[in-house]
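Reader: I should be grateful for a close look at a single part of this structure. Please explain what surrounds it, and then how other parts of the chain are arranged.

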Amino acid sequence: MAPKWLWALVLLQLSCSDWGSCGKVLVWPIDHSHWFNAKNLLEELARRGHEVTILVPSNSIRVNTSQASAINYEVFPVSTSQGHYEAVIQEMIYLWSYELPSLSVWEYTVKMNALFHKFFVLSQQVCQSVILNEALVKKLRASGFDVLVADAIFFGGELVAESLGIPFVYTLRFSSGYYLERHCGKLPSPLSYVPLPMGALTDRMDFKDRVKNVGLAILFDYFIPQFDRSVWDGFYTDLLGRPTTLCEIMGKAEMWLIRTYWDFEFPRPYLPNFEFVGGLHCQPAKPLPEEMEAFVQSSGEHGIVVFSLGSMVKNLTEEKANLIAAALAQIPQKVLWRYKGKQPATLGPNTKLYDWIPQNDLLGHPKTKAFITHGGTNGIYEAIYHGVPMVGIPMFADQPDNIAHMKAKGAAAEVDFSSMTTDDLLGALDAVINEASYKESALRLSRIHHDQPTKPLDRAVFWIEFVMRHKGAKHLRPASHSLTWYQYHCLDVVAFLLGCAALGLFVVARCCLFCCGKLGRTGRKRKRE
């Protein structure tokens, strides 16, 4: 019998033959829920024989480098502690979740700008810790990576790829106002029917909604370039040693892997180097732990409700927690609530608190009747995958926009986090569990999701391998990357045509005046005669 290592080598070779030559993939740091999504993609790349190396800053919160894995981890030191990084994230969450309702638009804008500046400074420190680390850069160059995978929200990956001279691929849900996609990726986004994120709008906009959508575009197109110029453009210019901008470097991305699909998105135009891979992390439900399964089975015919506000929300204020617990205590279903805070005084006997829950497996359980969610993309896609209706309690970032999509598609009811009462939450739960339309809509989205020619994970892997095989995907990039803003909108052509029209009108007017003047002189001459 052949030794085990020989069989492993044969299997590896077969895997590479099936999916293209095995390559080397470098991954820029990704954290929080973004990491949970990307982890599935990276593990699949490693399973198919590719050598995957993740750059991990020493203050990373979610990436567990001690866990046995086929993925390689390259840990590098950064000056900022994990606690400081987490504090900035929690400060942003608190502003979005609790302070926003009491702030004016101007106060909110000033506070959010200050927090974004803090976050970007931390991101720059991570970036400098790699680029200015000569030993690390030398090691990365010597490794001969074929592609770099980065999340477009965590800047820096494109700079590393540019320094190493390798192509790079983005994975993301969206940027604020689609700014990066519209201006750096040149993705067409007609504001008349493509709702910008953060506005909680749909593609069916009346006049008031379109005014709001255009207003958001103007707001994002003003504020984001201010950040780029003040924080990033000079930073990238200094580190590369030549004049450049963040958007110019980001525009070199070979592929943009968008973490949604048409079960979630509204129809819109897109480009050949944009691929929708929403739900790539979803998978069939596995059996629950024995103790949890016993609790689920004890629900009888009423079933269960799964409740999670995601990995970034550590706890709630005592008032909010008691309000929520009081509502949950009044429903006949058993509730599994992921919550690390102090146990609410109003917690009912039907509700059980857990530090962690196997969310995908619970959503895939036949007894699950509803999912109470903050509206994170990962959780929403697991609910779509398993056909579970939702009660959305959006708190920050992409969550209001995600819930707006699910409401428009009939699969969710929404409760406002800042103003909700016990009755509000109770009413939303009653509607989602007992009105058949919610379940029917969720199942319809699930059927759409499963009815794809290829699985989202396979598509994401294919395009990364495609970029590795062809050393990029330049043939998929639109010519708009080489146009100025006025050329893109044909303003030079409009100016030329207006000039021609004005010249034509001027010539006609002069001819008319000349003819009228000549006729006048001829008439006067005849009168004198």
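Author: In this predicted model, Asp263 is in contact with Tyr381, Ile384, Met406, Lys409, Leu445, Ile448 and His449, when neighbours within four places in sequence are left aside. Asp263 itself belongs to the loop that runs between strand S6 (255-258) and strand S7 (274-276).

One of these contacts deserves particular attention. The side chain of Asp263 makes a polar contact with the side chain of Tyr381, at 2.7 Å. A salt bridge, by contrast, is absent: Asp263 is buried yet has none. The nearest side chain of opposite charge is that of Lys409, and it is 7.3 Å away from Asp263. A salt bridge would require the charged atoms to lie within 4 Å.

Met406, one of the residues in contact with Asp263, leads to the next element. Met406 is among the buried residues of H14, a helix that spans residues 399-408. This helix is mostly covered, for 7 of its 10 residues are buried. Besides Met406, the buried residues of H14 are Gln399, Asp401, Asn402, Ile403, Ala404 and His405.

What do the buried residues of H14 pack against? Their partners include two helices, H13 (377-386) and H16 (436-450). They also pack against three strands, namely S11 (368-373), S12 (390-392) and S13 (412-414). Just after H14, the backbone at Gly410 takes a positive phi of about 80°.

A separate feature of the chain is its disulfide. A search of the whole structure finds 1 disulfide, and Cys184 and Cys247 are the residues that it joins, with an S to S distance of 2.0 Å. The link between Cys184 and Cys247 is left-handed, with -115° about the S-S bond. Cys184 lies in helix H7 (residues 179-184) and Cys247 in helix H9 (residues 246-250), so the bond ties together parts that are 63 residues apart in sequence.

The surroundings of these cysteines may also be described. Cys184 is buried, with a relative accessible area of 2%. Cys247 counts as buried too, at 18% relative accessibility, since the cut-off for a buried residue is under 20%. Two further cysteines may be set beside this pair: Cys127 is buried, with a relative accessible area of 0%, whereas Cys490 counts as partly exposed at 39%.

Key
Residues are numbered from 1 along each chain as its sequence is written. This is a predicted model: local features need pLDDT of at least 70, side-chain atom pairs count only at pLDDT 80 or more; totals for chains, interfaces and linings use all residues. Side-chain values use heavy atoms; hydrogens and water are left out. Helices (H or I, at least four residues) and strands (E, at least two) are DSSP runs, numbered from the N terminus. Buried means under 20% relative accessible area, exposed over 50%, partly exposed in between (1.4 Å probe, protein chains only). Lys and Arg count as positive and Asp and Glu as negative; His and the chain ends are not counted. A polar contact is a pair of N or O atoms within 3.5 Å; within protein, one must be able to donate a hydrogen and the other to accept it, and residues adjacent in sequence count only if both atoms are side-chain atoms. Contact means heavy atoms within 4.5 Å. A disulfide is a pair of cysteine sulfur atoms within 2.5 Å.
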